[in-house]
Amino acid sequence: MSRYYDVVLCGTGIFFDNYAETPIIGFLTARRVKANDADEAVQLAQHHVLVHWNHSYNAQHKLGVPSLEAAQVTPVKKWLNRTLNQDYFFYDSDAVKAEHLALIHHSARPWYRLR
């Protein structure tokens, strides 16, 4: 039986020259996918991100193909939650990565709760 999963992916191994002292070392992005289990959800989310990445960022900016790993996989239990299809959150340190993870987690709260 299929169900929906919210998958947060961490991408590393890209070349991103941001003309600053600390280079961009990765990104976070979130996708909601329908799958039979959590492993299939991760695979589908990775596929969606790589297709989008190659058609947008890699085609225009030649950033390279990222190595993707799941940072968080959560089954969707309440339909009144916001969809997690977010843009890419680039980070240059683990502290910024943690801030982005908190922002993504916070954005998944139900729409009727105040932010």
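pLDDT is the predictor's confidence in each residue, on a scale from 0 to 100. That score matters here, since the model you are looking at is a predicted one. Averaged over the protein chain, the pLDDT is 81, and 80% of the residues reach 70 or more. One stretch to treat with care is residues 110-115, where the pLDDT is below 50, although the model does give this stretch 12 contacts beyond near neighbours in sequence. Where pLDDT is low, the predicted coordinates should not be read in detail.

Let's begin with the overall plan. The protein chain has 3 helices and 4 strands. If you walk along from the N terminus, you meet these elements in the order β-β-α-α-β-β-α. The chain has 115 residues, of which 35% are buried. Contacts also reach across the sequence: among those with a separation of 6 or more, 71% join residues that are 24 or more positions apart.

Now find the sheet. Its 4 strands are arranged as β3-β1-β2-β4, with antiparallel pairing, and the sheet is open. Why does one side of β3 (67-75) and of β4 (89-91) lack a neighbour in the sheet? These two strands stand at the edges and have a single partner strand each, so nothing in the sheet pairs with their other side. From one strand to the next, the twist averages 30 degrees.

It helps to trace the pairings one by one. Strands of a sheet pair through backbone hydrogen bonds, either parallel or antiparallel. Strand β1 (residues 3-12) and strand β2 (residues 26-35) run antiparallel and are joined by 10 bridges. Along this pairing, V7 of the chain faces R31 in β2, and Y4 has K34 in β2 as its bridge partner. On to the next pair: 8 bridges link β1 with β3, again in the antiparallel sense. There, T12 is matched with S67 in β3. Finally, β2 and β4 run antiparallel and share 3 bridges, and L28 finds its bridge partner F89 in β4.

How enclosed are these strands? In β2, 9 of the 10 residues are buried, so the rest of the structure largely encloses this strand. β1 is mostly covered, with 7 of its 10 residues buried.

A residue in edge strand β3 makes a useful stop: A70. Is A70 buried, partly exposed or exposed? Its relative accessible area is 37%, and because buried means under 20% and exposed means over 50%, A70 counts as partly exposed. Setting aside residues up to four places away in sequence, A70 touches V8, L9 and V42. A70 can also be compared with A41: the two are 29 residues apart in sequence, and their C-alpha atoms are 9.9 Å apart in space.

Next, look at what lies against the sheet. Helix α1 (residues 38-55) packs on it and touches β1, β2, β3 and β4. The direction of α1 makes about 125 degrees with that of β2.

Which residues have the most contacts inside the largest nonpolar core? They are V7, F27, W53, Y88 and F90, in a core of 18 residues. The elements that contribute two or more residues to this core are β1, β2 and α1. Of these, α1 supplies the largest share, with 5 residues. Y88 shows how such a residue is surrounded: leaving out neighbours within four places in sequence, Y88 is in contact with F27, L28, T29, R31, V49, H52, W53 and Y57. Apart from this core lies another one of 7 residues, among them C10, L28, Y91 and I104.

Our last stop is H100, which sits in helix α3 (residues 94-107). Is H100 buried or exposed? With a relative accessibility of 16%, H100 counts as buried, because the cut-off for buried is under 20%. Beyond its neighbours within four places in sequence, H100 contacts L28, F89, F90 and Y91. One of these contacts can be described in more detail: a polar atom of the H100 side chain lies 2.9 Å from the backbone oxygen of F90. You have already met L28 and F89 as bridge partners, so try finding them again in the structure as you look at H100.

How values were computed: Residues numbered from 1 in each chain as written. Heavy atoms only, no water. Pairing = 2+ DSSP bridges. Axes fitted to C-alpha atoms, helices over the stretch in contact; angles between N-to-C directions. Contact = heavy atoms within 4.5 Å. Buried < 20%, exposed > 50% of the residue type's maximum accessible area, 1.4 Å probe, protein only. Polar contact = N/O pair within 3.5 Å; in protein donor to acceptor, adjacent residues only side chain to side chain. Core = buried A, V, L, I, M, F, W, Y, C linked by side-chain atoms within 4.5 Å.
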